[in-house]
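Q: I am new to this structure and would like to see one part of it closely rather than everything at once. Could you choose a single part, and explain carefully how it is built and what surrounds it?

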Amino acid sequence: MKKQRPVNLELNTIKFPPSAISSILHRVTGVAMFFALLFVIWAWAVSVHSAEGFANVQAIMNGFLGKFVAIGTASALTYHILGGLRHVVMDLGHWEELESGNTSAKAVIALWVVLTVVLGVALW
């Protein structure tokens with residue numbers, strides 16, 4: 001039996017609502033923090049092994065790559081916390097309607113951008 005269903009293969013025509021983008025970003029930042037944790041564990045292990053290892057990690061963290069990773073990690077953590085707080089509020093029964101859910105998602109994303117810029121300036 002062949003079912004006739006509409007199929008949209010043009011992915012650039014799909015528009016996600018802000019609440020969907022917020023939910024996807026929450027998952028993506030969780031995965032990003034997992035991979036950032038691998039870098040943190042590596043840096044910790046190398047830095048406590050010897051004085052030369054500590055100097056190498058310090059040089060990496062003072063370079064472009066280290067600052068980029070630090071800002072990216074702080075940004076991912078910031079969004080994940082904000083998105084998690086939004087989900088907790090939704091679990092308590094608030095912001096579950098379409099309009100308030102989208103508004104809270106936009107507010108979380110806007111606050112994340114502002115805090116990322118502030119963290120970027122502070123860490124750079």
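A: The word helix is used here for a DSSP run of H or I that is at least four residues in length, and the helices are numbered from the N terminus. The model is a predicted one, and the part chosen for a close look is helix α3, which covers residues 64–91.

Its length is a convenient place to begin. Helix α3 has 28 residues, and at 1.5 Å a residue these should span 40 Å; the C-alpha atoms at its two ends are indeed 40 Å apart, which agrees with the expectation. Part of this helix also carries an annotation, since UniProt, in an unreviewed entry, places the feature "transmembrane region" at residues 24–44, 64–82 and 103–123. Over the stretch 64–82 the chain is 100% helix and 0% strand, and its end C-alpha atoms are 27 Å apart. The stretch 24–44 is likewise 100% helix and 0% strand, with 30 Å between its end C-alpha atoms.

The next matter is which residues of the helix are covered. The buried residues of α3 are G66, I71, A74, S75, A76, T78, Y79, L82, G83 and R86. In reading such a list it helps to remember that an α-helix has 3.6 residues a turn, so residues three or four places apart point the same way. What covers the buried residues of α3 includes α1 (18–49), α2 (51–62) and α4 (98–123), and these three neighbours can be taken in turn.

On the side of α1, a useful residue to follow is H80, which lies in helix α3 and is covered by the UniProt annotation "binding site", again from an unreviewed entry. H80 is not among the buried residues, because its relative accessible area of 23% makes it partly exposed, buried being reserved for values under 20%. Apart from residues up to four places away in sequence, H80 touches H26, T29, G30 and M33. Of these, T29 is placed in helix α1, and with a relative accessibility of 6% it counts as buried. The side chains of T29 and H80 make a polar contact at 3.2 Å, while the side chain of T29 also reaches the backbone oxygen of H26 at 3.0 Å. Once neighbours within four places in sequence are set aside, T29 is in contact with A76, Y79 and H80; A76 and Y79 both appear among the buried residues of α3.

The meeting with α2 can be described as a pair of packed helices. Two packed helices are described by the angle between their axes and the distance between the axes. For α2 and α3 the angle is about 75° and the axes are 4 Å apart, and the two helices are therefore roughly perpendicular to each other. The residues that meet are I60, M61 and N62 in α2, with F64, G66, K67 and A70 in α3.

On the side of α4, T78 serves as an example. This residue is placed in helix α3, and it counts as buried because its relative accessibility is 15%. Leaving aside its neighbours within four places in sequence, T78 is in contact with W112, L115 and L119. W112 is in turn one of the buried residues of α4, a list that also includes V108 and T116. The covering is mutual, since what covers the buried residues of α4 includes α3, together with α1. Helix α4 itself has 26 residues and reaches 37 Å from its first C-alpha to its last, close to the 38 Å expected at 1.5 Å a residue.

It remains to look at what follows the helix. Just after α3, G93 takes a positive phi of about 100°. The loop between α3 and α4 holds W95, which has a positive phi of about 55° although it is not a glycine. Most residues other than glycine have a negative phi. W95 has a relative accessible area of 37%, so it is partly exposed.

Taken as a whole, then, α3 is a helix whose end-to-end span agrees with its residue count, whose buried residues are covered by neighbours including α1, α2 and α4, and which is followed by G93 with its positive phi.

Technical notes. Residues are numbered from 1 along each chain as its sequence is written. This is a predicted model: local features need pLDDT of at least 70, side-chain atom pairs count only at pLDDT 80 or more; totals for chains, interfaces and linings use all residues. Side-chain values use heavy atoms; hydrogens and water are left out. The expected span of a helix is 1.5 Å times one less than its number of residues. Buried means under 20% relative accessible area, exposed over 50%, partly exposed in between (1.4 Å probe, protein chains only). Contact means heavy atoms within 4.5 Å. UniProt positions are given in the numbering used here, feature names are shortened, and annotations may be inferred rather than shown by experiment. A polar contact is a pair of N or O atoms within 3.5 Å; within protein, one must be able to donate a hydrogen and the other to accept it, and residues adjacent in sequence count only if both atoms are side-chain atoms. Axes are lines fitted to C-alpha atoms, for helices over the stretch in contact, and angles run from 0 to 180 degrees between N-to-C directions. Angles under 35 degrees count as roughly parallel, over 145 as roughly antiparallel, 65 to 115 as roughly perpendicular and the rest as oblique.
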